[in-house]
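Student: I'd like a close look at one part of this model, whatever nonpolar core there may be. Could you walk me through it and then out to the edges?

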Amino acid sequence: MTGVDSMLAAQVRDALRVVIDPELGLNVVDLGFVYGVSVEDGAAWIVMTATTLGCPATGFLKEGVSNSALRVPGVKSVDVTMTFDPPWTPALMTADARAELGFRN
């Protein structure tokens, strides 16, 4: 990944903060749903998860992530892969997100 691609990946990750989980009310980045973001020649690849395999918001979250990434200047295409390996746990959240939802650190 070039320096430009690395900068774009950071911008994409930041742009994903507008995607709010409808059940938890926090963004997918702070919730720890985004496992990885990479960009090469304008093509972004995002690996993410949801709280559970049967999460009813999975499609909504995936669409929101894709649309948000496409709004980043320089991103031409987006591929979002949902995975449940490793499974999501509250330990993946930022400390602020855990505190806001009442989880102990």
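Tutor: Happily; here is the whole chain, then the core, and then some places outside it. This is a predicted model, in which local features need pLDDT of at least 70 and side-chain atom pairs count only at pLDDT 80 or more, while totals for chains, interfaces and linings use all residues. Residues are numbered from 1 along each chain as its sequence is written, and side-chain values use heavy atoms, with hydrogens and water left out.

Let's begin with the overall layout. The chain has three helices and three strands (DSSP runs numbered from the N terminus: H or I of at least four residues for helices, E of at least two for strands). Read from the N terminus, their order is α-β-β-α-β-α. With a radius of gyration of 14 Å, close to the 13 Å that the globule rule gives for 105 residues, the chain is as compact as a globular protein of that length. Here the radius is taken over C-alpha atoms, and the rule is 2.2 Å times the number of residues to the power 0.38. The C-alpha trace spans about 40 × 25 × 25 Å along its principal axes.

How much of the chain is tucked away? Of the 105 residues, 41% count as buried (buried is under 20% relative accessible area, exposed is over 50%, and partly exposed is in between, using a 1.4 Å probe and protein chains only). Contacts, meaning heavy atoms within 4.5 Å, often link distant parts of the sequence. Among those with a separation of 6 or more, 60% are between residues 24 or more positions apart.

Now for the part you asked about. In soluble globular proteins, nonpolar side chains tend to be buried together. A nonpolar core is a set of buried Ala, Val, Leu, Ile, Met, Phe, Trp, Tyr and Cys residues joined through side-chain atoms within 4.5 Å. In this model the largest such core has 30 residues, and those with the most contacts inside it are V12, L16, V28, I46, L61 and V65. Helix 1 (3-15), strand 1, strand 2, helix 2 and strand 3 each supply at least two residues of this core. The largest share, four residues, comes from helix 1.

Zoom in on I46, which sits in strand 2. Its relative accessible area is 0%, so I46 is buried. Leaving out residues up to four places away in sequence, I46 touches V12, L16, V34, G36, V37, V65, A69, V78, D79, V80 and T81. As a yardstick, I46 and T83 are 37 residues apart in sequence, and their C-alpha atoms are 10 Å apart in space.

L61 gives a second view of the core, this time from helix 2 (residues 58-70). L61 also counts as buried, because its relative accessibility is 0%. Setting aside neighbours within four places in sequence, L61 is in contact with V19, I20, D21, P22, V28, F33, M48 and A50. W88 lies 27 residues from L61 along the chain, with 15 Å between their C-alpha atoms.

Helix 2 also holds S68. Is S68 buried or exposed? S68 counts as buried, because its relative accessibility is 6%. Beyond four places in sequence, S68 touches A15, L16, V18 and V19.

Moving outward, E23 is in the loop between helix 1 and strand 1. E23 is exposed, because its relative accessible area is 51%. Not counting residues up to four places away, E23 touches C55 and P56. The C-alpha atoms of E23 and P56 are separated by 9.6 Å, although the two are 33 residues apart along the chain.

Two loops have backbone details to look for. Most residues other than glycine have a negative phi, and most peptide bonds are trans. D41, in the loop between strand 1 (34-40) and strand 2 (43-48), has a positive phi near 50 degrees. D41 is exposed, because its relative accessible area is 63%. The bond between D85 and P86 is a cis peptide bond, with omega about 5 degrees. P86 belongs to the loop between strand 3 (77-82) and helix 3 (95-100).
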